[in-house]
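Let's walk through this one together, as you might with a colleague at the next bench. Keep the viewer open and turn the model as you read.

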Amino acid sequence: MKNKEIGVKKIIQVFTCQWRFIFFSLWKLPMAFLARLRVTELNFQQSIVTVPYNYWNKNPFNSMYFAVQAMAAELSTGTLVMLNADGQNISMLVTGLSSSYYKKATTKIKFICLDGEKISFAIKQAIETGEPQICKMKSKGYDIDGVCVSEFNIEWSLKKRKKSI
């Protein structure tokens with residue numbers, strides 16, 4: 001159990017410590033580095049990711065490019081998947097994404113995913129049954145005034161890996 005706690009702490013530190021996340025994103029997620037994504041909060045229940053509105057993230061219509069928003073939304077769900085799957089030998093893959101946009105994103109956007117319990121249950125089912133599980137997670141993006149500018153539904157496929165001989 002102690003190793004699990006160490007793994008969880010390490011994951012949380014890598015994502016929430018700004019300088020560690022910069023190195024991690026340069027190494028594993030270079031587009032997240034360029035877009036300046038930041039994980040501001042991460043625990044087993046929720047994840048919060050921010051993305052600034054700046055020259056590199058804007059489109060010709062003076063709003064944030066939709067793909068940048070999708071990156072931040074996917075990261076907010078993916079960090080929860082990684083945290084809850086730590087040490088479980090689970091294969092994880094995004095198999096679907098849909099989005100709705102309600103307002104132009106012209107400020108810093110905060111993406112919030114509150115589906116930690118949902119992903120935890122899906123991971124437990126994948127381990128117990130040995131069958132692939134689909135988990136649909138939601139991430140909503142809010143501007144600095146607290147107005148929801150976009151909503152993403154991201155579908156994750158979770159499968160227990162077979163042990164290698």
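Before looking at any hollows, it helps to agree on a word: on a 1 Å grid over the protein atoms alone, a pocket is an open set of points with protein on both sides within 12 Å along at least five of seven lines. Keep in mind, too, that what you have on screen is a predicted model.

With that in hand, take the second largest pocket, which has a volume of about 160 Å³. Which residues line the second largest pocket? They are K10, I11, V14, F15, R20, F23, F24, W27 and M82. Helices α1 (2–16) and α2 each supply at least two residues of that lining. Sorted by class, the lining of this second largest pocket has 7 nonpolar residues, 2 charged ones and no polar ones.

Now move over to the largest pocket, with a volume of about 270 Å³. It is lined by 15 residues, and the closest to its centre are L29, E74, L75, G78 and M82. M82 may ring a bell, since M82 also turned up in the lining of the second largest pocket. Three helices each give at least two residues to the lining of the largest pocket: α2 (18–28), α3 (30–35) and α4 (66–85). Which helix has the largest share? That's α4, with 6 residues. As for chemistry, the lining of the largest pocket comes out as 11 nonpolar, 2 polar and 2 charged residues.

On to the sheet. As a reminder, strands of a sheet pair through backbone hydrogen bonds, either parallel or antiparallel. Here you have an open sheet of 6 strands, in the order β1-β2-β4-β5-β6-β3, with antiparallel pairing. At the edges sit β1 (38–42) and β3 (90–101), each of which pairs on one side only. Going from one strand to the next, the twist averages 25°.

Start at the β1 edge. Strands β1 and β2 make a hairpin with 4 residues between them. They run antiparallel and are joined by 4 bridges. To find one on screen, pick L42, whose bridge partner in β2 is S47.

Then jump to the other edge, where β3 and β6 pair in the antiparallel sense over 11 bridges. A handy spot to check is Y101, which has S150 of β6 as its bridge partner.

On to β5 and β6. Strand β5 (residues 133–142) pairs with strand β6 (residues 148–160) over 10 bridges, again in the antiparallel sense. The hairpin of β5 and β6 has 5 residues between the strands, and in it G146 takes a positive phi near 85°. Further along the pairing, I134 stands opposite S157 in β6.

Q133 deserves a longer stop. This residue lies in strand β5, and its bridge partner in β6 is L158. Q133 and K160 are 27 residues apart along the chain, yet their C-alpha atoms are separated by 9.3 Å. What does Q133 contact, leaving aside its neighbours within four places in sequence? The answer is A122, Q125, A126, W156, S157 and L158. You've just met two of those names: S157 as the residue opposite I134, and L158 as the bridge partner of Q133.

That contact list leads on to a helix. Helix α5 (residues 116–129) lies across β3, β5 and β6. Relative to β5, helix α5 runs at about 165°.

Last, the loops, where two asparagines are worth a click. Which value does phi take in N62, near 60° and positive or the reverse sign? Phi of N62 is near 60°, a positive value in a residue other than glycine. N62 sits in the loop between β2 (47–51) and α4. Its relative accessibility is 44%, so N62 counts as partly exposed.

The other asparagine is N89, in the loop between α4 and β3. Phi of N89 is positive as well, near 55°. Is N89 buried, exposed or partly exposed? With a relative accessible area of 35%, N89 is partly exposed, because that label covers the values between 20% and 50%.

Notes. Residues numbered from 1 in each chain as written. Predicted model: local features only at pLDDT ≥ 70, side-chain atom pairs only at ≥ 80, totals over all residues. Heavy atoms only, no water. 1 Å grid on protein atoms, 1.4 Å probe; cavity = no way out; pocket = protein on both sides within 12 Å on 5 of 7 lines; lining within 4 Å. Points joined across faces, edges and corners; volume = space filled by probe spheres on them. Nonpolar A, V, L, I, M, F, W, Y, C, P; charged D, E, K, R; others polar. Pairing = 2+ DSSP bridges. Axes fitted to C-alpha atoms, helices over the stretch in contact; angles between N-to-C directions. Contact = heavy atoms within 4.5 Å. Buried < 20%, exposed > 50% of the residue type's maximum accessible area, 1.4 Å probe, protein only.
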